[in-house]
Amino acid sequence: MITKAMQDAVNEQINKELFSSYLYLSMAAYFEDKNLPGFARWLRVQEVEEREHGMKFYDFLVDRGGRVELKAIAAPQKEWKSSLEVFKEVQAHETHVTASINALYELALKEKDYPAQVLLQWFISEQVEEEKNAADIVAQLELIDAHGTAVLMLDKTLGKRSGE
Ligand SMILES: [Fe+2]
Ligand SMILES: [Fe+2]
C-alpha cells in the first residue's frame with residue numbers, strides 16, 4: 001500500500017502532467033491560428049503524450065491501492081510573441097517538470113517505495129528526451145529568426161511527427 005505522502009505527491013504530479021497537456025493544446029491552438037499546421041501538429045502529438053503521462057501515474061495509484069484525486073487545471077496562456085517564444089516556454093516548462101520528477105524520486109527513496117522508483121526511472125529517461133526535443137526546436141528557431149521561408153520548411157518537418 002502506498003504511503004499518504006507518496007499518494008499526495010503523485011496526485012500533484014497527475015495535475016502537472018494534465019496541465020502540461022492543456023498548455024501544449026493551447027500552444028497548438030495558437031499555431032492553428034497562425035496558419036502553421038505543422039507546429040500545431042507537433043504540439044498536438046505532445047499534448048496526447050502528456051495526458052498519457054498523467055494516466056501512467058493515475059494507473060500507478062490505482063494499482064497500489066491509492067486514491068486518485070483530480071485537482072483543478074489552471075487556464076493556460078493563450079498568446080505568445082513568436083514561435084520562438086512558444087518553444088522557449090516548452091523548454092522552460094519541461095525543465096520545471098524534470099525538477100518535480102526528480103523531487104518525486106527523492107521522496108520515493110526516502111519512503112523506500114521501490115515500485116515508485118521503478119516507475120520514476122522511466123520518467124527520468126523520458127524527461128531527458130523531452131528536454132532535448134524542446135532544445136532542438138529552440139535552436140532551429142534561433143537559426144531561422146524571422147525568415148518566413150525557413151519557418152515554413154520547419155513547419156513541414158514538425159508536421160511529420162507521428163503520434164506514438
Ligand atoms: Fe510529461
Ligand atoms: Fe513533457
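Student: Where is the place of Met-55 in this structure?
Tutor: In this predicted model, Met-55 belongs to helix 2, which covers residues 37-63.

Student: Is Met-55 buried, partly exposed or exposed?
Tutor: The reading rests on relative accessible area: under 20% is buried, over 50% is exposed, and values in between are partly exposed. Met-55 has a relative accessible area of 32%, so this residue is partly exposed.

Student: Which residues form a nonpolar patch on the surface with Met-55?
Tutor: The partners of Met-55 in this patch are Tyr-58, Val-62 and Leu-70. Together, the four residues have about 350 Å² of accessible area.

Student: I should now like to turn to the metal sites. Which residues are the protein donors of the iron ion (ligand 1)?
Tutor: A donor is an N, O or S atom within 2.8 Å of such a metal. For the iron ion (ligand 1), the protein donors are Glu-17 and Glu-50, each through OE, and His-53 through ND1, lying 2.1 Å from the ion. Along the chain, these donors follow the spacing E-x32-E-x2-H.

Student: Which parts of the chain does the pair Glu-17 and His-53 tie together?
Tutor: Glu-17 is in helix 1 (residues 4-33) and His-53 is in helix 2, so the pair joins parts that lie 36 residues apart in sequence.

Student: Are Glu-17 and His-53 buried or exposed?
Tutor: The cut-off for buried is under 20% relative accessible area. Glu-17 has 0% and is therefore buried. His-53 also counts as buried, because its relative accessibility is 3%.

Student: Which residue coordinates both the iron ion (ligand 1) and the iron ion (ligand 2)?
Tutor: Glu-50 bridges the two ions, which lie 3.3 Å apart.

Student: What are the protein donors of the iron ion (ligand 2)?
Tutor: They are OE atoms of Glu-50, Glu-94 and Glu-130, with Glu-94 listed twice, and they lie 2.0 to 2.5 Å from the ion. The donor residues are spaced E-x43-E-x35-E in sequence.

Student: How is the geometry of the iron ion (ligand 2) site to be read?
Tutor: Four donors count as tetrahedral if all angles lie between 85 and 135 degrees. At the iron ion (ligand 2), the angles among the four donor atoms run from 54 to 150°, and the site is irregular. Here the pair Glu-94, in helix 3 (residues 83-110), and Glu-130, in helix 4 (residues 114-144), links distant parts of the chain, 36 residues apart.

Student: Are Glu-94 and Glu-130 buried or exposed?
Tutor: Glu-94 is buried, because its relative accessible area is 2%. Glu-130, at 4% relative accessibility, counts as buried too.

Methods:
Residues are numbered from 1 along each chain as its sequence is written. Chains are lettered from A and ligands numbered from 1 in the order in which they are written. This is a predicted model: local features need pLDDT of at least 70, side-chain atom pairs count only at pLDDT 80 or more; totals for chains, interfaces and linings use all residues. Side-chain values use heavy atoms; hydrogens and water are left out. Patches are made of residues with over 30% relative accessible area and no salt bridge: like charges are joined within 9 Å, nonpolar side chains (Val, Leu, Ile, Met, Phe, Trp, Tyr) within 5 Å. Accessible areas come from the Shrake-Rupley method with a 1.4 Å probe; for residues, only the protein chains shown count as cover. A salt bridge is a side-chain nitrogen of Lys or Arg within 4 Å of a carboxyl oxygen of Asp or Glu. Helices (H or I, at least four residues) and strands (E, at least two) are DSSP runs, numbered from the N terminus. Buried means under 20% relative accessible area, exposed over 50%, partly exposed in between (1.4 Å probe, protein chains only). Donors are N, O and S atoms within 2.8 Å of the metal (3.2 Å for Na, K and Ca); water is not among the atoms, so sites may look incomplete. Four donors count as tetrahedral if all angles lie between 85 and 135 degrees; four count as square planar and six as octahedral if opposite donors are over 155 degrees apart and all others between 65 and 115; anything else is irregular.
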